[in-house]
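Trainee: Could you take me slowly through one part of this protein? I would love a close look at a single strand and its surroundings.

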Amino acid sequence: MNDNNQPILYSFRRCPYAMRARLALTYAEISLEHREIILRNKPQSMLSASPKGTVPVLILPEGKVIDESLDIMLWALAVNDPQHWVPENSADKTEIMALIQKSDFDFKPQLDRYKYADRHPEHPMEYYRSQGELFIELLNSKLSHQNYLMGQKVTLADMAIVPFIRQFAHVDRDWFYSTSYKGVQKWLTSFIESELFLQIMAKHPLWE
Ligand SMILES: N[C@@H](CCC(=O)N[C@@H](CS)C(=O)NCC(=O)O)C(=O)O
């Protein structure tokens with residue numbers, strides 16, 4: 001049980017799923033107890049709440065456990081969404097969710113194979129990278145004529161997806177910034193330089 005009636009967040013700084021949850025929770029100004037963990041030594045209290053053992057995990061004061069990053073984002077935005085990251089328009093909402101699904105279920109496995117190409121010696125690294133580039137191209141086709149994925153305003157789509165694009169870019173920064181994906185580069189850079197990103201990347205001591 002939590003003494004001070006705040007939600008508890010189990011998080012790992014560099015995990016893109018935990019990053020997207022922290023983005024929404026920080027933007028929504030939810031005060032919480034941050035418990036920084038390392039993946040190779042997960043605390044028992046986290047595993048008791050969520051046996052699947054992935055971060056992020058959010059435990060609400062009344063005991064409800066939310067252990068999927070997108071659900072944590074949606075919970076936070078239902079509490080407070082001052083700039084309408086979740087649009088009113090239901091067609092836009094459907095498009096956002098479809099784009100996030102594409103990112104999580106098509107792009108993310110490609111990103112992992114690109115990042116750890118040495119563990120998948122069936123193909124050279126460039127093969128995995130070019131598979132991931134299909135999604136980057138899709139995002140670039142949007143971002144070459146607008147500032148955000150859904151238009152001129154930031155939405156849930158940007159914040160749910162951008163931590164994974166950052167990871168893709170950081171596998172080989174020189175290559176990424178030498179490509180013609182200028183829209184994605186600009187979008188990523190403005191995200192990395194934003195106050196919100198700096199806030200969510202603040203370092204926390206390990207929780208014990
Ligand atoms: N579908 C989950 C995925 C979360 C996830 O896979 N997180 C990774 C870290 S980035 C993790 O905790 N992996 C467990 C481990 O490495 O032991 C979500 O969206 O929250």
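Mentor: Happily! Let us start from Ser11, which lies in strand S1. A word of care before we go on: this is a predicted model. Ser11 counts as buried because its relative accessibility is 0%, and the cut-off for that label is under 20%. Setting aside residues within four places in sequence, Ser11 is in contact with Ala18, Arg22, His34, Arg35, Glu36, Ile37 and Val55. Several of these names will come back as we move outwards, so keep Ser11 on your screen.

Now for the strand itself. S1 covers residues 8-11, and both of its faces are covered. On one side sit Ile8 and Tyr10, on the other Leu9 and Ser11, and all four of these residues are buried. That arrangement fits a familiar pattern: in a regular strand the side chains alternate between the two faces of the sheet.

Next, look at the sheet that S1 belongs to. It is an open sheet of 4 strands in the order S2-S1-S3-S4, with mixed pairing. Its edges are S2 (33-36) and S4 (65-66), each of which pairs on one side only. S1 therefore has S2 on one flank and S3 on the other in that order, with two strands counting as paired if there are at least two bridges between them.

Take the S2 flank to begin with. S1 and S2 run parallel and are joined by 4 bridges. Leu9 stands opposite His34 in S2, while the bridge partner of Tyr10 in that strand is Arg35. Both His34 and Arg35 were also among the contacts of Ser11.

Turn to the S3 flank and the direction changes. Here S1 and S3 run antiparallel, with 3 bridges between them. Ile8 is the residue to pick out, as it stands opposite Ile59 in S3. Ile59 also helps us place the residue Pro7, in the segment before S1. The C-alpha atoms of Pro7 and Ile59 are separated by 5.4 Å, although the two residues are 52 apart along the chain. Pro7 has a relative accessible area of 8%, so it is buried as well.

While you are on this side, follow the chain back from S3. Pro56 lies in the loop between helix H2 (44-49) and S3. The peptide bond leading into it from Val55 is cis, with omega near 5°. Val55 is one of the residues that Ser11 contacts, which brings us back to our starting point.

What lies across the strands? Helix H1, residues 16-27, lies across S1, S2 and S3 (57-59), and it runs at about 150° to S1. Together S1, H1 and S2 make a right-handed β-α-β unit. Between H1 and S2 there is a loop, and Glu29 is found in it. Glu29 is worth a pause: its phi is positive, about 55°, although it is not a glycine. With a relative accessible area of 65%, Glu29 is exposed, whereas Ser11 is buried at 0%.

A second residue with this kind of backbone value is His84, in the loop between helix H3 (69-79) and H4. Its phi is near 55°, again a positive value in a residue other than glycine. At 43% relative accessibility, His84 counts as partly exposed.

Finally, let us set the strand in its wider frame. The protein is divided into domain 1 (8-82) and domain 2 (90-194), and their C-alpha centres lie 23 Å apart. The contact between them takes 10 residues from domain 1 and 12 residues from domain 2. On the record side, an unreviewed UniProt entry lists residues 5-84 as "domain: GST N-terminal". In the model that span is 36% helix and 16% strand, and its end C-alpha atoms lie 27 Å apart.

For a last stop, cross over to Asp104 in helix H4, which covers residues 90-115. Leaving aside neighbours within four places in sequence, Asp104 is in contact with Arg20, Pro109 and Phe164. Asp104 is buried too, because its relative accessibility is 12%.

Key:
Residues numbered from 1 in each chain as written. Predicted model: local features only at pLDDT ≥ 70, side-chain atom pairs only at ≥ 80, totals over all residues. Heavy atoms only, no water. Contact = heavy atoms within 4.5 Å. Axes fitted to C-alpha atoms, helices over the stretch in contact; angles between N-to-C directions. Buried < 20%, exposed > 50% of the residue type's maximum accessible area, 1.4 Å probe, protein only. Right-handed = clockwise from strand over helix to strand, strands pointing away. UniProt positions renumbered as here; feature names shortened; annotations may be inferred. Domains from an automatic or database assignment.
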